[in-house]
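Work through the exercises below with the sequence and the structure at hand. Each task is followed by a solution in steps.

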Amino acid sequence: MRDEFLDRLRSVLGDVVDDPDILDSHRNDHATFCTAGVPRALVRPTSTTEVQEVLRLASEFRVPVVTQGARTGLSGAANAVDGCLLLSTARLNRILEISVEDQVAVVQPGVVNASLSRAVLEQGLFYPPDPSSWEMSTIGGNIATNAGGLCCVKYGVTSDFIRGLEVVLASGEVVRTGRRPAKGVAGYDLTRLIVGSEGTLGIVTEATLALRPAPEAALTAAATFRTIEDGIAAAAAVMAAGLSPSLLEFLDQLTLRAIQDYRDMGLPSDAGSMLIAQSDRGARAADDVARVAEICSAHGAVDVAEASDAEESQMLLEARRLVNPALERLGITLIDDVSVPRSQLVTLLRGIADIGTQYDVMIFCPGHVGDGNMHPTVVFDRDDAAAEARALQAFGAVMELGLRLGGTITGEHGIGTLKAGWLETELGPVGLELHRRVKAAFDPLNLLNPGKVLL
């Protein structure tokens, strides 16, 4: 039986994939625990015009569209829904401009974060947003989730570096939001509305990004502590000292043990926590690192290591980069990203330990301690239904705890399907209804990534 919709698509694009095996391999992002539907087809447009044609046809035939980048997300936002068209931005992958004078880059959404970072560095410039998946994740995906990263404590998240966007609406119309200059306040800030909307309001086909002068090579200090409390207290003291670290990361005892079991890093098995700090302030970096070491020692650090050059700094950061592979080998990972005020971090971590005991699950808790964004990670055996049920209960309890402490259910991963049921709890009924009205204004037929963010 012929499929008129796919026939019409092929007349526009030529390359329309409906092979079941290929579609199955594109059904979900890295949040493999989240459910994924069976897509109808996959398209890979190469221009804004092609995206427009795809969305016009999707609107005509009432076919839902799920946009995908590199599918490195952790909330199910890029997962297929039944009967949908998957729209990959993989071939929209050009860096259109790098302007040293204006300190901006103009890129298509399929550009990989690390590729952009290296390209602008050749011009003496710096694109700060650096999610852990930066070697794979794309700028479009980073925009969709308002991704964070290790450097957020100093530089902020993706939205802080988006000057303007080109967006194709569900109708096929194109809107340009924002501006190229550093300043501009005309009208509502539609750019910030699109950033973090997870493909539910429109499809980004071009982005103008703010850049900064490239910093000098960073130096790093790492310290281990007997307790969680000592590590958190040291982190608070570092932030209070006005040092402006470019990175401030925390590893709890369970995570340290998992990393050491995964690869011998010489990490002490009895350490209660570890703090990793970095400074990229050029000539001041060595002084900053020395000051961090002093602060850590004053707060009970058992051992402190200071890097003398960039190579040693990378070695000290290696433990942090091994978190995900170290935990993934232990089972299925439900990765949370609650954020709380720094003053509530000790209470959060104590509460997470209690939740782990209450539900008899392992909860590891690394995180970006400098900005209060932690990653409580519940690990369980997929083949154990009882363990899975307890893991989900624990996951919800962690989010509830974060909200109770004045925080948020997601600091950088987004809502997707994983946390959609919790959004009203954070926003309240009036806030949720406003979200729905915004969605209806942009996408009245509810074709763009339906079922994500808003239930």
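Two strands pair if DSSP finds at least two bridges between them. The model used throughout is predicted.

**Exercise 1. The open sheet**

Task: Give the strand order of the open sheet of four strands, and find which strands stand at its edges.

Solution.
Step 1. The order in this sheet is β1-β2-β4-β3, and the pairing is mixed.
Step 2. The edges are taken by β1 (16-17) and β3, each of which has a single partner strand, so one side of each lacks a neighbour in the sheet.
Step 3. Look at the pairing of β1 with strand β2 (residues 41-43): two bridges join them in the antiparallel sense. V17 is found opposite L42 of β2.

**Exercise 2. A glutamine in an edge strand**

Task: Locate Q68, decide whether Q68 is buried or exposed, and state which backbone oxygens its side chain reaches.

Solution.
Step 1. Q68 belongs to strand β3, residues 65-68.
Step 2. The cut-off for buried is under 20% relative accessible area. Q68 has 2%, so Q68 is buried.
Step 3. The side chain of Q68 reaches the backbone oxygen of H26 at 2.8 Å. It also reaches the backbone oxygen of A78, at 2.8 Å.
Step 4. Beyond neighbours within four places in sequence, the contacts of Q68 are H26, R27, A78, L86, L87, S88 and T89. H26 and A78, whose backbone oxygens the side chain reaches, are thus in this contact list too.

**Exercise 3. A covered strand and its two partners**

Task: State how many residues of strand β10 are buried, and describe how β10 pairs with β6 and with β8.

Solution.
Step 1. Strand β10 covers residues 203-210, and eight of its eight residues are buried.
Step 2. Four bridges link β10 to strand β6 (residues 104-107), in the antiparallel sense. In this pairing A105 is opposite L209.
Step 3. Strand β8 (residues 162-168) also runs antiparallel to β10, with six bridges between them. Here V167 has V204 as its bridge partner.
Step 4. Compare the numbering with the UniProt record, an unreviewed entry, which annotates residues 35-214 as "domain: FAD-binding PCMH-type". That span is 22% helix and 24% strand, and its end C-alpha atoms are 41 Å apart.

**Exercise 4. Strand β12, face by face**

Task: Explain why strand β12 counts as largely enclosed, then list what lies on each face and which strands pair with β12.

Solution.
Step 1. Strand β12 is made of residues 219-225. Seven of the seven are buried, so the rest of the structure largely encloses the strand.
Step 2. One face carries L219, A221, A223 and F225, the other T220, A222 and T224; all are buried, and both faces are covered.
Step 3. β12 pairs with β14 over seven bridges, antiparallel. A222 has I276 as its bridge partner in β14.
Step 4. β12 is also joined to strand β15 (residues 301-306) by five bridges, again running antiparallel. A221 is opposite E306 in that strand.

**Exercise 5. Q278, across from β12**

Task: Place Q278 in its strand, and name the residue whose side chain makes a polar contact with that of Q278.

Solution.
Step 1. Q278 is part of strand β14, residues 273-279.
Step 2. Its relative accessibility is 11%, so Q278 counts as buried.
Step 3. Q278 and A221 are 57 residues apart along the chain, yet their C-alpha atoms are separated by 6.3 Å.
Step 4. With neighbours within four places set aside, Q278 contacts A218, L219, T220, P245, S246, L247 and L317.
Step 5. The side chain of Q278 makes a polar contact of 3.0 Å with the side chain of T220.

**Exercise 6. The whole chain**

Task: Why does the radius of gyration of the chain agree with that of a compact globule? Add the overall burial and contact figures.

Solution.
Step 1. For 455 residues, a compact globule would have a radius of gyration near 23 Å; the chain has 22 Å, and so agrees.
Step 2. Along the principal axes, the C-alpha atoms fill a box of roughly 70 × 60 × 40 Å.
Step 3. The chain contains 15 helices and 20 strands.
Step 4. Of its 455 residues, 54% count as buried. The exposed area is about 19400 Å², with carbon and sulfur atoms supplying 50% of it.
Step 5. Among contacts between residues at least 6 apart in sequence, 72% join residues at least 24 apart.

Terms used:
Residues numbered from 1 in each chain as written. Predicted model: local features only at pLDDT ≥ 70, side-chain atom pairs only at ≥ 80, totals over all residues. Heavy atoms only, no water. UniProt positions renumbered as here; feature names shortened; annotations may be inferred. Buried < 20%, exposed > 50% of the residue type's maximum accessible area, 1.4 Å probe, protein only. Contact = heavy atoms within 4.5 Å. Polar contact = N/O pair within 3.5 Å; in protein donor to acceptor, adjacent residues only side chain to side chain. Rg over C-alpha atoms; globule rule 2.2 N^0.38 Å. Areas by Shrake-Rupley, 256 points an atom, 1.4 Å probe, with all protein chains shown as cover.
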